[in-house]
Amino acid sequence: MADPDSPTPVVALVGQPNCGKTTLFNTLTGQRQKVGNYPGVTVEKKLGEIFTSHGRKMQLVDLPGAYSLCPDSPDEAVTRDVLLGEVKGLPVPDLVLCVVDASNLERHLVLALEVIDLNLPTLVVLNRVDLAEAAGIRFDVTVLSEMLGAPVVVCQGNDRQKVIELKQAISKPLPIASGRKWKAEEASEKALARLTNEFESAKVPVPQGHAMLLLADPEFRLKPGRLPDELREKAVSVVEDLHADATQLSLSIQQSRQRQSQEISRLAMAREGGDTAWKRTDKLDAILVHPFYGWIVFAGLMLTMFSSLFIAAAPLMDGVEWTFGQLKEGVEGAMPEGDLRDLIASGIIDGVGGVIIFLPQILLLFLFIGIMESSGYMARAAFLMDGVMRRFGLSGKSFIPLLSSYACAIPGIMATRTIDNAKDRLVTILIAPWMSCNARLPVYTLLIAVIFGSDSSGWVKGLALFGLYAMGTLAAMVVAWLLRKSVAKSESSPLLLELPTYRVPDMGFIGRQLFDRGWAFVKRAGTLILGFSIILWFLQAYPKSEEPDRQLSESYLGQAGQSIEPAMKPLGYDWRIGVSVLTSFAAREVFATGVAILFIGDEDAVDDQDRMVDAVSAATWPDGRKLFDLATNLSLLVFYVFALQCLPTVVATKRETNSWKWAGFQFGYMTVFAYLAALITYQGVSFFV
C-alpha cells in the first residue's frame, strides 16, 4: 500500500469500456488533469486532482478500460499492473473506485468481482442509474453491497450533485474488501488452496486475488521477477498437476465469476414493465443495424457530415477570413513599407490565416465523431463494418481506430491498443494514415473549389469530398488484405463489442473535447505552420532580384523548386507546386501556405478562399497553358489521399510498434504508392481529356 503518511492518497478509477468512467473522471477533476504515458509502454496515462468533501486532496488515476484483469491488450495489462503496484512511479492505490454501468449490471459486475478479489479498499460506483431507471430497473443497494463484499454508492457521472455524494463516500475511511465471496469449480478451488498454502509455507504474503491471477493467467504466472524462481516453478507445477489447458483453466474461472454476477444481478435488481430505454434501443436497432436500412442510414450520415463541412462551416470561415483581413489591413496601415511589414502581413498573417480558416471545418468533423461516440451509434457503425472488414482480413475492432484516424491518425494509431490480435493491430497501424485526416481538408477543399468553382453546391462539393475519403478507405482495405496475405499472416480475432443503449450525447464533454482539439490545432498553426510560413517567405524574398517580375523564380525557393521540377513534371506539377508538396511532408496544412505565398503574392489575402481559388485557377505554365487543369487537380488530390505527409505520425507508428522498421516501411510504401497513383492519374486524364 501507499505510505499512510503520504499527503496525497492515490485513487484508481477502473471499469469496463463504455461504463461512463471518462465522464466521471472529467466531472471529478474538472480542469485539474494531465496526460502522459506510463513508463516503458505507450498506453496513455490520465492523472487528475480531486478534493473530498472534507477538502483533502487526492490524486485520481483514470485507468484504461478493461474487460478483465487477465489482459488481452496492452491497455488491460496496464490496468492490472497499476492495481498491483507494478508500475514505476505509482504505488498500490489507496482506494479503488470500480465503476459499473447500472444499465448493464450483470456484465460489468464480472470485472468488479476481479477487482474486489485483490483485497484493496474498493468502492463500487453504480453509474448511469438514470439510464437504468428509465429502463425500469430498480436496485437493492444493500443486497448488492453484501453480495459483493464491498460498499456501493449510486452515482451519475454527468450529475454534479450525485458526484458530490460520491466525494462524501470517498471522504470516509473504507475497509479492505472482505474478500472473495464466490466459488470456482472444485478443481480450481483445490488448486487455489494448494497454491495459497505454498505461499504461506514460504512466508510470501500473496493476497488470494493475486493467487487467482497466478492460477488463471499464464502471462502473469510466468513473468520473471514477479515471484522468486522457486515459487514461480511451484505455481506452474500446480497448474500442470490439474492436467488442464491454461486457457481452459482461465475460462473456467471466468465462467464462475459470470455465474456469480448473474446471481447477484438476480437478487439485487428488479425490472419493471413499461417502455424502457432498452425497448427504445431495440426499436432503433431494428433500423440502424438492419442489413439494408442500416447501410442507408450510415451512408446518409457520412454524406451529411462531409457536406456540412462546406455548408455549415461557410459562415464561420467567412468570419475567420474577415478577422485576418482586418488584421492584415491594420498592420499594413500602421507600418511603413519594407521587408518587415511584408514578413508580418504576407508571411505570418497570410500564412497562418490560410490554415486557421479551415478550423471551423475541422471542429465540425470532431463534432460529428463526438456525437456518434456519445450517443452510442459508433458501436453500431463498427458492427455494420465488421462483415465488410473481415473480407479484407480485419475485424470490426479495427473500425473505431480507423474512424478516429479521420480526425487525426495519431490518436487512431494509439487506439489500436484495444486490439488484442497483434497482427490485426499492426495492419491497422500501417493503414491508419490512409483515413483522410483533418490536415488534408485545406488541400481537399481548395482543389475541389478549383474544380467545381467556389459557387457550386455544397452538396456537390460534399459528395466529392466523400469520394476522396472513400478512395483512401478502399485503398486501405485492399492494402490490409495484401498485408494479411504476406507480412502479417494470421486469423482475425472475433468481434466482441458492447452495443450500449442509445442516449442523449453529453454536449458538455463533447464541447471540452472540441476546445482541446481546436486549441491543439491552433497551437500547431502558431508553431509549426508559423515557422514554415516565415521560412517560405524568406526563401521567396531573397536574394533580391533586380527585375521584380523575376523575383520569385530567382529566389532561393525558386532555384530549389526548379531543380526538382523534372521529377514533378510527369505528375503535372511545376516547380511551385513541387515546392508546396515537398514542404508539406512535415505537415499537410503547409501546402495551403505554400500555395498562398507562391501563387497569390503580396497583394492578396491568403485567408480569402475565393481569392485563393481565383489565383490558382489563373496560374499558367511559361508557355501560357493552364497549370491547374483537371488532370493536375485530380493528380494532386490523389497524391494527398495516399501520401504520408506527417512526421508526427511516423513517430507515433515507431512508438506503437517499437520499431523504426515498420515506421520506415509505412512511410516508404505510402510515398511510392502516392507518386505512382498521381502519375497514372495525370497521364491517364491528360490522354483522354
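Begin by selecting glutamate 114 and arginine 257, which form a salt bridge with their closest N and O atoms 3.9 Å apart. The pair joins distant parts of the chain: glutamate 114 belongs to helix α3 (residues 105–116), arginine 257 belongs to helix α11 (residues 246–268), and 143 residues separate them. Both glutamate 114 and arginine 257 are buried. Add Asp117 to the selection, since Glu114, Asp117 and Arg257 are linked in a network of salt bridges. The model on display is a predicted one.

**Further salt bridges**

Side chains of opposite charge can pair when their charged atoms come close. Across the whole structure, a search finds eleven salt bridges. Select next arginine 128 and aspartate 101, whose side chains meet in a salt bridge at 3.2 Å, N to O. Here too distant parts of the chain are linked: arginine 128 is in the loop between β6 (122–127) and α4 (129–134), while aspartate 101 is in strand β5 (residues 95–101), 27 residues apart. Arginine 128 and aspartate 101 are both buried.

Now move to aspartate 623 and arginine 625, a salt bridge in which the closest N and O atoms are 2.8 Å apart. Aspartate 623 is exposed, its relative accessible area being 53%. Arginine 625 counts as partly exposed, at 42% relative accessibility.

**Aromatic pairs**

The structure holds twelve aromatic pairs. To view one of them, select tryptophan 434 and phenylalanine 642: their ring centres are 5.5 Å apart and their planes lie at 65°, so the pair is edge-to-face. This pair links distant parts of the chain, with tryptophan 434 in the loop between α20 (422–431) and α21 (441–452) and phenylalanine 642 in helix α29 (residues 630–642), 208 residues apart. Both tryptophan 434 and phenylalanine 642 are buried. Extend the selection to Trp662, Phe665, Tyr669 and Phe673, which ring pairs link with Trp434 and Phe642 into a cluster.

**Two helices**

Select helix α16 (residues 359–375) and compare its ends. At 1.5 Å a residue, the 17 residues of α16 should span 24 Å, and the end C-alpha atoms are indeed 24 Å apart. Twelve of the 17 residues of α16 are buried, so the helix is largely enclosed by the rest of the structure. Among the buried residues are Leu359, Pro360, Phe366, Met372 and Ser375. Glycine 376 follows α16 and has a positive phi, near 100°.

Next, select helix α27 (residues 590–600), which is mostly covered: eleven of its eleven residues are buried. Val590, Phe591, Gly594, Leu598 and Ile600 are among the buried residues of α27.

**Cysteines**

How many disulfides are there? With a disulfide taken as a pair of cysteine sulfur atoms within 2.5 Å, the count comes to zero. Cysteine 98 illustrates the point: it is in no disulfide, and the nearest cysteine sulfur, that of cysteine 19, is 8.1 Å away. Cysteine 98 is buried, with a relative accessible area of 1%. Select cysteine 70 as well; this residue is buried, with a relative accessible area of 15%.

**A nonpolar surface patch**

Finish at the surface by selecting Ile287, Phe292, Tyr293 and Ile296, which make a nonpolar patch of about 420 Å². Isoleucine 296 lies in helix α13 (residues 293–311). Is isoleucine 296 buried, exposed or partly exposed? Its relative accessibility is 47%, so isoleucine 296 counts as partly exposed.

Key: Residues are numbered from 1 along each chain as its sequence is written. This is a predicted model: local features need pLDDT of at least 70, side-chain atom pairs count only at pLDDT 80 or more; totals for chains, interfaces and linings use all residues. Side-chain values use heavy atoms; hydrogens and water are left out. Patches are made of residues with over 30% relative accessible area and no salt bridge: like charges are joined within 9 Å, nonpolar side chains (Val, Leu, Ile, Met, Phe, Trp, Tyr) within 5 Å. Accessible areas come from the Shrake-Rupley method with a 1.4 Å probe; for residues, only the protein chains shown count as cover. A salt bridge is a side-chain nitrogen of Lys or Arg within 4 Å of a carboxyl oxygen of Asp or Glu. Helices (H or I, at least four residues) and strands (E, at least two) are DSSP runs, numbered from the N terminus. Buried means under 20% relative accessible area, exposed over 50%, partly exposed in between (1.4 Å probe, protein chains only). The expected span of a helix is 1.5 Å times one less than its number of residues. Rings of Phe, Tyr and Trp (its six-membered ring) pair if their centres lie within 6.5 Å; planes under 30 degrees apart count as stacked, over 60 as edge-to-face and the rest as tilted.
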